[in-house]
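Trainee: Could you walk me through this one before I start on my own notes? I'd like to begin with how a contact is counted.

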Amino acid sequence: MTVEKTAAPVVVEARQVRKSYGGVEVLKGIDLTVRQGEVVLVLGPSGGGKSTFLRTLNHLETPDSGTVSICGERIGYGDRGGRQLALRERRIAVQRRRTGMVFQQFNLFPNMTALDNVASGPVHVNGVSKAEARLAASELLAMVGLADKTRSYPAQLSGGQQQRVAIARALAMRPELLLFDEPTSALDPEMVGEVLDVMVRLREEGMTMIVVSHEMGFARAAADRVVFISDGTVVEDKSPDLFFSAPEHERTRQFLDRIL
Amino acid sequence: MWSWDAFISFLSNPQLIQGAWTTIWLTTVSMALALPLAVLVALGRASRFGPVRLVTGFYVWLMRGTPLLVQLVIIYTGLPQLGLRLGVISAALTGLVLNEAAYLSEIVRAGVLSVPRGQSEAARALGMPPWKVFRVVVMPQALRVMVPPLGNSFNGLLKTTTLVSVISVEELLRRTQFAVQTNFRVLEGLTAAALYYLAMTTLWGLVQRWLEARVGRGHQTGPSRGRRSRSATVPALELETR
């Protein structure tokens with residue numbers, strides 16, 4: 001498995017990504033390479049820059065410097081006569097189609113049914129007909145175990161169900177890469193499992209995923225690599241086994257002591 | 001002495017009925033034109049470009065800071081001095097639309113600001129270009145918050161149109177005044193007119209309730225799992241009156 005994946009094409013390539021807010025440097029030059037089919041868990045203390053980094057990967061945050069490439073295409077910049085020029089939001093929107101994102105607060109559209117939430121990307125981004133998009137959407141909802149909830153509005157669904165709809169909505173765009181920003185942090189404990197189950201299934205289907213989460217169970221069961229980000233830098237990047245049994249850095253040990 | 005006969009003849013007076021139609025027409029057309037303008041102004045006030053913010057901010061400040069009556073007289077009677085001559089109806093519509101749009105833009109702005117940031121982020125993450133994010137995700141949700149104060153504005157506008165009688169638009173009030181001049185039954189005539197206004201605002205109240213139910217989809221439906229947190233009541237927006 002590992003051998004396969006090291007030979008697989010690179011999906012994400014982040015180089016020296018930096019970002020400051022009001023004079024505070026939140027990301028201090030982050031490097032990350034993720035290959036097709038890999039599941040990378042990003043761990044780290046809160047405020048350490050994990051979520052900010054994740055959001056630079058689809059340009060919801062603009063890095064101050066450094067580069068992010070998805071499937072070889074630099075995000076947020078276009079090549080014009082050998083010069084890298086910042087793209088307009090309209091062009092960045094096109095680049096984002098390759099990336100799906102799942103948010104901590106689900107962010108489902110409250111005025112649309114579960115079915116129309118899932119169909120919204122294909123309809124409004126790709127121009128697929130509503131009927132066709134809904135057909136595909138109902139299949140995706142069935143896949144996440146919500147075949148009977150197609151007509152429900154988000155307010156009528158539990159947190160775990162909402163998050164599964166959100167995953168289906170991201171999948172509807174057939175992304176090359178899925179980003180998860182603390183997908184289970186806003187859930188009641190008994191609902192965490194149903195969301196993680198879906199994520200584990202996606203991994204089995206070969207989806208490339210970067211997951212910011214504190215779910216250690218998921219780290220051990222489904223992650224190929226654990227990346228530990230603290231103080232805006234990547235401190236460790238290794239297999240879950242090595243990460244938990246033999247962390248190299250003092251900061252990692254302190255973090256593990258606190259959460260395990 | 002109050003005369004029921006006079007009152008009833010005012011109520012069925014074709015002049016008044018014609019005037020009521022003009023009032024409804026003026027209100028509806030002004031609102032229909034003012035709303036898109038208000039959206040543009042609201043977007044302008046949130047623009048990244050300083051000059052755009054400055055111009056739209058100045059417009060709202062000017063329109064809200066001066067009486068509509070003064071604006072109407074300037075447009076109809078004053079502008080011809082500069083060679084710009086507008087017909088009665090055009091002048092009335094221009095004044096009403098420009099004035100109303102300034103107020104509505106504040107409602108639009110509040111509505112847009114009420115939509116959580118996560119909503120537009122989710123739409124952007126799907127790959128929606130900016131105008132789709134606005135039209136598909138932000139605007140429908142903003143509308144839910146905007147409909148009650150917009151309905152309030154429509155109600156207000158029905159009555160504000162009386163002001164255009166001053167520049168001789170033959171709406172309900174002016175027609176009533178004409179009709180009154182034939183028999184000098186002022187009390188009966190204006191009570192009949194008041195009743196017409198009341199009927200129009202009442203009717204509008206029903207339309208508004210229907211609209212609120214329509215834009216509230218997904219919010220007021222009974223949750224099956226006791227999750228009501230998102231169906232929070234619409235925040236009341238204070239409206240300044242002219």
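Mentor: Two residues are in contact if their C-beta atoms, placed from the backbone, lie within 7 Å. With that in hand, and bearing in mind that this is a predicted model, we can turn to chain B.

Trainee: OK, so among contacts in chain B between residues at least 6 apart in sequence, what percentage join residues at least 24 apart?

Mentor: For chain B that share is 77%, counted among the contacts whose residues are at least 6 apart in sequence.

Trainee: And how many helices and strands does chain B have?

Mentor: Chain B has nine helices and zero strands, so that its elements, read from the N terminus on, run α-α-α-α-α-α-α-α-α.

Trainee: What does chain B span along its principal axes, and what share of its residues is buried?

Mentor: The C-alpha trace of chain B spans about 70 × 55 × 25 Å along those axes, and of the 242 residues in the chain, 35% are buried.

Trainee: Switching to the interface, how many residues of chain A are in contact with chain B?

Mentor: There are 26 residues of chain A in contact with 26 residues of chain B. On the side of chain A, the elements that give two or more residues are helix H3 (89-96) and helix H4 (114-124), and the largest share, five residues, comes from H3(A).

Trainee: What about the classes on that side of chain A?

Mentor: The side of chain A that touches chain B has 13 nonpolar residues, along with nine polar and four charged ones.

Trainee: Now chain A itself: at what angle do H6(A) and H7(A) pack?

Mentor: Helix H6 (residues 159-171) and helix H7 (residues 189-204) of chain A pack at an angle of about 15 degrees, and their axes are 8 Å apart. Because angles under 35 degrees count as roughly parallel, H6(A) is roughly parallel to H7(A). The crossing in which H6(A) passes H7(A) is right-handed.

Trainee: Which residues meet there?

Mentor: From H6(A), Gly159(A), Gly160(A), Gln163(A), Arg164(A) and Ile167(A) meet Met191(A), Glu194(A), Val195(A) and Val198(A) of H7(A). By class, the residues of this contact divide into four nonpolar, three polar and two charged.

Trainee: Last thing, which elements of chain A have the lowest and the highest mean pLDDT?

Mentor: Helix H1 (residues 2-7) of chain A has the lowest, at 61, whereas strand E8 (residues 99-102) of chain A has the highest, at 98. For chain A as a whole the mean pLDDT is 93, and 98% of its residues reach 70 or more.

Definitions and conventions: Residues numbered from 1 in each chain as written. Chains lettered and ligands numbered in written order. Predicted model: local features only at pLDDT ≥ 70, side-chain atom pairs only at ≥ 80, totals over all residues. Axes fitted to C-alpha atoms, helices over the stretch in contact; angles between N-to-C directions. Helix = DSSP H or I, 4+ residues; strand = E, 2+ residues; numbered from the N terminus. Parallel < 35°, antiparallel > 145°, perpendicular 65-115°, else oblique. Left-handed = near helix turned anticlockwise from the far one by under 90°. Nonpolar A, V, L, I, M, F, W, Y, C, P; charged D, E, K, R; others polar. pLDDT = per-residue confidence, 0-100. Buried ≥ 20, exposed ≤ 12 C-beta atoms within 10 Å, placed from the backbone.
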